[in-house]
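New to this one? Here's a quick tour, strand by strand and helix by helix, with a stop at a couple of odd backbone spots.

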Amino acid sequence: MKQLEGQGVTTRDAMGVGVNKSTNTWQSCLPDCLFMALELEARDKFAIANMDRLFGEHSYHFDCKQKQGLDIIFSRYEDKQYFRFEQETISGYLGDKLQALYGLQVSALSFPDRNVLDQYLFTMLAKNERVICEFSGKYVPYRVEDYHKYYGYHIVTFKSYDKAHNAFMVDDALKRDVSISWQDYQSSFEDVLAHEGSVRVYHIKKVGTESPLTLEWALKQVEQNIAGLVSDSPHIGTSAISEFLEYISCLNEIERPFVIPGVWVFSLQRASALNWLMALQQDFSDPKLKRICAPMIEALPDLSKGWKEVELLMRLSCRSKSVTGHQVYQRILQLCEVEQALIPVWLDLQEWLLAKRRAS
């Protein structure tokens, strides 16, 4: 599974993040389309309100592949132990945390043959069972920037089939009730098969109880963030920010519009980090912890909004002269300054958690 290439939503009409209790609609802010789908399934099947304790990420990864054109991506960072499959079950750090905090286990079935997937899909839908499935963002109609243009690893949840219109109804991360034609479904299968080797369907089951954050899990999350932020790798953490800014400054000098894949992840990642910090304060009530978290609690909502703004500005700069590449560049500079200023807060949070552990 290609974790850094095109996951999630790049939509102009995403409605925001969080739970809107007044309209009973679900809008996740997890920084991964698979876990957005799993969160919705967990809510509906097991009455788990959210997965706020699962993602508290603060990371960067910059890949400037061949140093030519716009063949670059600025996105989230995951090490090799973060997310992996063992015997078709999600394991690694993320899988362990999912089971420890929410009592959930996720397994997958692989389909290299579309006819077999067709039969499975129709059988499950006939039983009113939703199906979480890998899909190509190239064949999701409302993703207008990518539709019938670019492959992007993605996840949709099949809910029903409309025989009269020969189309499926799916939930697609931040957007629900999306119609997928039979032709797009077929094309997506071939696209995912070519890129991933098979098409996976995901199942979630309850194997334990829901739990608050423990000291050890909170410390693991914070230390994971710090390890990424201060990494010696030239493509990760603060080095990634520097490399990224250096590269886009060249684009700024030649005054050309640009769209950078992966930027979408930061609006979601910062929102989920905010939710994680609020859950941490709920699970560990301490005035000192509240003071330590205060700078991030204040900054993260603006960062989430700002990165979403950057994504929209980039796309507008390619469509209209009313937005210039220079404007986009200046906005990114402002956001990166705030991002770097927050790094010491994670170090302070680590010290608080270590002191708490020593005291216990």
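Let's start with a pairing: strand β8 runs antiparallel to strand β12 (residues 199-206), and the two share 2 bridges. Two strands count as paired if DSSP finds at least two bridges between them. Helices (H or I, at least four residues) and strands (E, at least two) are DSSP runs, numbered from the N terminus. Keep in mind that this is a predicted model, where local features need pLDDT of at least 70 and side-chain atom pairs count only at pLDDT 80 or more, while totals for chains, interfaces and linings use all residues. Residues are numbered from 1 along each chain as its sequence is written, and side-chain values use heavy atoms, with hydrogens and water left out.

**Strand β8 and its partners**
- In β12, C133 of β8 has V201 as its bridge partner.
- β8 also pairs with strand β9 (residues 153-162), again in the antiparallel sense, over 6 bridges.
- On the β9 side, F135 is matched with H154.
- 6 of the 6 residues of β8 (residues 131-136) are buried, so the strand is largely enclosed by the rest of the structure. Buried means under 20% relative accessible area, exposed means over 50%, and partly exposed is in between (1.4 Å probe, protein chains only).
- V131, C133 and F135 point one way, while I132, E134 and S136 point the other.
- That fits a general habit: in a regular strand the side chains alternate between the two faces of the sheet.

**Helix α2**
- Helix α2 (residues 92-102) has 8 of its 11 residues buried, so it is largely enclosed by the rest of the structure.
- Among those buried residues are Y93, L94, L98 and Y102.
- Right after α2 comes G103, with a positive phi near 65 degrees.

**Odd backbone spots**
- Most residues other than glycine have a negative phi.
- A47 has a positive phi, near 55 degrees, and lies in the loop between α1 (33-46) and β3 (61-63).
- A47 counts as exposed, at 67% relative accessibility.
- N166, not a glycine either, has a positive phi of about 50 degrees; it's in the loop between β9 and β10 (167-172).
- N166 is partly exposed, with a relative accessible area of 34%.

**Helix α10**
- The 17 residues of α10 (residues 343-359) reach 25 Å from first C-alpha to last, close to the 24 Å expected at 1.5 Å a residue. The expected span is 1.5 Å times one less than the number of residues.
- Its buried residues include W346, L349 and W352.
- The buried residues of α10 pack against α5 (215-229), α6 (237-253), α7 (264-283), α8 (287-319) and α9 (325-341), where contact means heavy atoms within 4.5 Å.
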